[in-house]
Amino acid sequence: MKSKTTLKKPSNSKKGYLKPFAILFLMLLSNPFVFSQTIVERGGRLQVNGSHVTTENGQKISLAGNSMFWSNAGESEPFYNAQTVNHLTDDWNSTIIRPALGVKESWDGGNNYIQNRAAQTAKIKRVIDAAIAKGIYVIIDWHTHKAENYVNEAVGFFSEMAKTYGEYDNVIYEIYNEPLLSTPWNTVKNYARPVIAAIRANDPDNLIVVGTRTWCQEVEEAADNPINGDPNLAYALHYYANTHGQWLIDRTKRAMQKGAAVFVTEYGTTDASGNGGFNPQESRRWFNFLIENNISYVNWNISDKNEDSSVISAGRGLQGLLDGNLTASGNFVRDHMRSRDYDDITLSTNAVTIDGASVSVFPNPTQGELFIDAPNVTVETVSMYDITGRLVLSTRPEKTDKQIKINLGELSSGNYILKLESPQNSIARKVIKL
Ligand code: MG
């Protein structure tokens, strides 16, 4: 690495302005896709690393998002669509959504996956497709307390999902919502093996989450007796803040100490029944624990059913969500999610293409040093512009440089545009200086 880097002091001189680039810059400014990377563009495919679910490049992450209500229930009908997903992403700062595929319940009148496969698949796909389009994560949840009764159906369903969506970093497979207290852990493990195999036959790498016994409270039991053989497997913890206290937090800590990666695919601010009033004090205690320990958590639930854990006021439907007609719990959860920020999540996809060759720019965001790996193309100039279009840095690397290092240490925190020029082309991309 022999690049000469010159940091230019900001000046009022017009020398720094490159007219063609100024036009490109304005075009970039008007293109939100360039300036606001989605959470999935930044986090990439989620990956289990030790007892954490991390971003693709190994950064610990705690995502906060929403679970939908049972897809086989009428109350969920207004919300399984792109409007809901878009609103939760844009207004709630939700980074993950969980469509809950109702497998079969006594109360659903046959409106379930087992008896009405096409309609239920179409319904859940509306949410998955919307989440992918919007750039948030999506948990495909096999929502039942008796999954071991439907092994073949689960194998078929998850094969189809993995075939259709396995290429998308957005997707997480939750293969068993909540095993009951009375269901032995070995029964869950025996169910999980063929379902995991069916997913892996079509998708080698996306995250799989397996429910634990007693409505997902037995994460320590899973840590003691894990499902072996898959490197990207996490265990579900479900808690309801007005029912499950410090003892379940302590149990979760022990499970993590024993090496289990834990994912809260469902939590409530209320009793485990979904009623009993919402408990902000205990909810805050849980949020602090989850954020401190980099555990993701997904709120039950997006519906307008007359129940304390619903986020939309009773009977208000989709418009109620869009208008902010929320329950006490809904307002509380929305406020909390809007307070979360993900600015420290490093971009996972830092590849840009010049003259048909891939060039990596990393780390991004950066504290100071920025590397540009360009093994197959000559980068003639590297320039950095601030948000007003002012040139703040430029360098001409040696022609033989395969890795160029520049130092942004003297720049103030904020967004910059990096411009790379080859003999044929130039590209620009956003770089965040922390
Ligand atoms: Mg994949």
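The buried residues of helix α10 pack against β3 (52–54), α9 (219–224), β9 (233–240), β10 and α11 (280–292). This is a predicted model. Its 8 strands close into a barrel with parallel pairing.

**Helix α10**
- Helix α10 spans residues 246–257 and has 12 residues.
- From first C-alpha to last, α10 reaches 16 Å, close to the 16 Å expected at 1.5 Å a residue.
- Its buried residues are Leu 248, Ile 249, Arg 251, Thr 252, Ala 255 and Met 256.
- These residues lie on the same side of α10, because they cover an arc of only 160 degrees around the axis.
- Gly 259 comes just after α10 and takes a positive phi of about 105 degrees.

**The barrel**
- The strand order is β4-β5-β6-β7-β8-β9-β10-β11.
- From one strand to the next, the twist averages 25 degrees.
- Strands of a sheet pair through backbone hydrogen bonds, either parallel or antiparallel.
- Strand β4 covers residues 64–70, and strand β5 covers residues 96–102.
- β4 and β5 pair in the parallel sense over 3 bridges.
- Ser 67 has Arg 98 in β5 as its bridge partner.

**Helix α13 on the sheet**
- Helix α13, residues 328–339, packs on the sheet.
- α13 touches β4, β10 (262–268) and β11 (297–302).
- The direction of α13 makes about 145 degrees with that of β4.
- Strand β10 is thus a shared partner: α13 touches β10, and the buried residues of α10 pack against β10.

Methods: Residues numbered from 1 in each chain as written. Predicted model: local features only at pLDDT ≥ 70, side-chain atom pairs only at ≥ 80, totals over all residues. Heavy atoms only, no water. Pairing = 2+ DSSP bridges. Helix = DSSP H or I, 4+ residues; strand = E, 2+ residues; numbered from the N terminus. Axes fitted to C-alpha atoms, helices over the stretch in contact; angles between N-to-C directions. Contact = heavy atoms within 4.5 Å. Expected span 1.5 Å × (residues − 1). Buried < 20%, exposed > 50% of the residue type's maximum accessible area, 1.4 Å probe, protein only. Arc of directions from axis to C-beta.
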